[in-house]
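Please open the structure in a viewer and keep the selection tool at hand. The tour below proposes what to select at each stop and describes what is found there.

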Amino acid sequence: MVLLAPNYPAGKDAINGFKRFYHGTIADEIYTSLDQTDFSAELARVRADQPDAVFEFLPGGLGINFLKQFSQAGLKSKMKLVLSAASLESRIVSATGDDTIGVYGTAHWVQDLPYPANKKFVCRLHCQIPSRSDAVRGDGLRHRARDRQRIARGRRRPDEGRCVRAALKKANFASVRGNFRFGSDQEPIEDWYSTQVVKRGGKNEIVTIGKVARDLGNAYTSLCPL
């Protein structure tokens, strides 16, 4: 694998997170600038490394430019491209067209997940292309709605604050992500899925092709005193 990300804390975190679970050979680690638009030098390094696959964390415009140039360089036919969840969202797929067809990714939410709450959520947004951020925000609203009355009472009763916090920790709501709960550090514990971009009905879509992790939580939970 060749690993590629911007040279800033989030980029380094993404690379370190990948290396935590990857047990194969890492041929190269490439770090780019945050305002980069031309990736010709990096693509030349990738071509020279001849890896089986490339993992990249390049969100937003960085990812759009890289995906287009990766395809234009003819590397899609020579190696697989695996993207982080932040680098393979519906808006990025829309902006890159057929350059993303066949590209792989990982995510804790995908539009076609079979859970009832997710089907209802996607159906409500039939005029839009839902994103991972939309799904997470929706879960947050459903989570808080379950205890809205208790939160309101908590403004009048001193002991209700503790009760509300305990209720929120239980995550007693139907998540669009399916299996979901909070760890001792109040970070999500959830499943993660492998995805791929395919053309379906004349449109490019991100679809689920498998599950890569079950009950995955924060790697640093054991270090948190909460």
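The stops run from the whole chain to helices, cores, ring pairs and single residues.

**The whole chain**

Begin with the complete protein chain, which is a predicted model. Coloured by secondary structure, the protein chain shows eight helices and eight strands. Of its 226 residues, 40% are buried. The exposed surface of the protein chain comes to about 12600 Å², and carbon and sulfur atoms supply 52% of that area. Among contacts with a separation of 6 or more, 63% are between residues 24 or more positions apart.

**Helix α1**

Select residues 9-21, which form helix α1. This helix has 13 residues and reaches 19 Å from its first C-alpha to its last, close to the 18 Å expected at 1.5 Å a residue. Now show the side chains: which residues of α1 are buried? They are Gly11, Ala14, Ile15 and Phe18. Turn the view to look down the axis of α1; the buried residues fall within an arc of 95°, so they line one face of the helix. On the other side of α1, Pro9, Asp13 and Phe21 are exposed. To see what covers the buried residues of α1, add strands β1, β2 (28-32) and β3 (53-56), which are among the covering elements.

**The largest nonpolar core**

In soluble globular proteins, nonpolar side chains tend to be buried together. The largest nonpolar core here holds 34 residues. Select Val46, Val54, Phe66, Phe70, Leu81 and Trp109, which touch the most other members of this core. The elements that each give two or more residues to the core are β1 (2-6), α2 (40-49), α3 (60-72), β4 (80-83), α4 (90-96), α5 (116-124) and β7 (188-200). The largest share, five residues, comes from α3. A second, separate core has nine residues, including Ala5, Ile15, Phe18 and Phe57.

Return to the largest core and centre the view on Val54, one of the residues that touch the most other members. Leaving aside neighbours within four places in sequence, Val54 is in contact with Met1, Val2, Val46, Phe70, Met79, Lys80, Leu81 and Val82.

**Helix α3**

Select α3 next; this helix has 13 residues and spans 19 Å from its first C-alpha to its last, close to the 18 Å expected at 1.5 Å a residue. The buried residues of α3 are Leu62, Gly63, Ile64, Phe66, Leu67, Gln69 and Phe70. Display β1, α2, β3, β4 and α4 as well, since the buried residues of α3 pack against these elements. Just after α3 comes Gly74, where phi is positive, at about 80°.

**Aromatic pairs**

A pair of aromatic rings is described by the distance of the centres and the angle of the planes. The structure holds seven aromatic pairs. Select Phe18 and Phe55: their ring centres are 4.5 Å apart and their planes stand at 25°, so the pair is stacked. Phe18 belongs to helix α1 and Phe55 to strand β3, and 37 residues separate them along the chain. Both Phe18 and Phe55 are buried. Add Tyr22 to the selection, as ring pairs link Phe18, Tyr22 and Phe55 into a cluster.

Move on to Trp109 and Phe121. Their ring centres are 6.0 Å apart and their planes stand at 75°, so this pair is edge-to-face. Trp109 lies in the loop between β5 (104-107) and α5, whereas Phe121 lies in helix α5, twelve residues apart in sequence. Trp109 is buried, with a relative accessible area of 6%, and Phe121 is buried at 10%.

**Two single residues**

Select Glu42, in helix α2. Is Glu42 buried or exposed? At 11% relative accessibility, Glu42 counts as buried. Not counting residues up to four places away in sequence, Glu42 touches Leu4, Ile30, Thr32 and Gln36. The C-alpha atoms of Glu42 and Ile30 are 7.2 Å apart, with the two residues twelve apart in sequence.

For the last stop, select Ser184, in the loop between β6 (180-182) and β7. At 47% relative accessibility, Ser184 counts as partly exposed. Extend the selection to Gly217, 33 residues away along the chain; its C-alpha atom is separated from that of Ser184 by 10.0 Å.

Methods
Residues are numbered from 1 along each chain as its sequence is written. This is a predicted model: local features need pLDDT of at least 70, side-chain atom pairs count only at pLDDT 80 or more; totals for chains, interfaces and linings use all residues. Side-chain values use heavy atoms; hydrogens and water are left out. A nonpolar core is a set of buried Ala, Val, Leu, Ile, Met, Phe, Trp, Tyr and Cys residues joined through side-chain atoms within 4.5 Å. Buried means under 20% relative accessible area, exposed over 50%, partly exposed in between (1.4 Å probe, protein chains only). Helices (H or I, at least four residues) and strands (E, at least two) are DSSP runs, numbered from the N terminus. Contact means heavy atoms within 4.5 Å. The expected span of a helix is 1.5 Å times one less than its number of residues. The arc is that of the directions from the helix axis to the C-beta atoms. Rings of Phe, Tyr and Trp (its six-membered ring) pair if their centres lie within 6.5 Å; planes under 30 degrees apart count as stacked, over 60 as edge-to-face and the rest as tilted. Accessible areas come from the Shrake-Rupley method with a 1.4 Å probe; for residues, only the protein chains shown count as cover.
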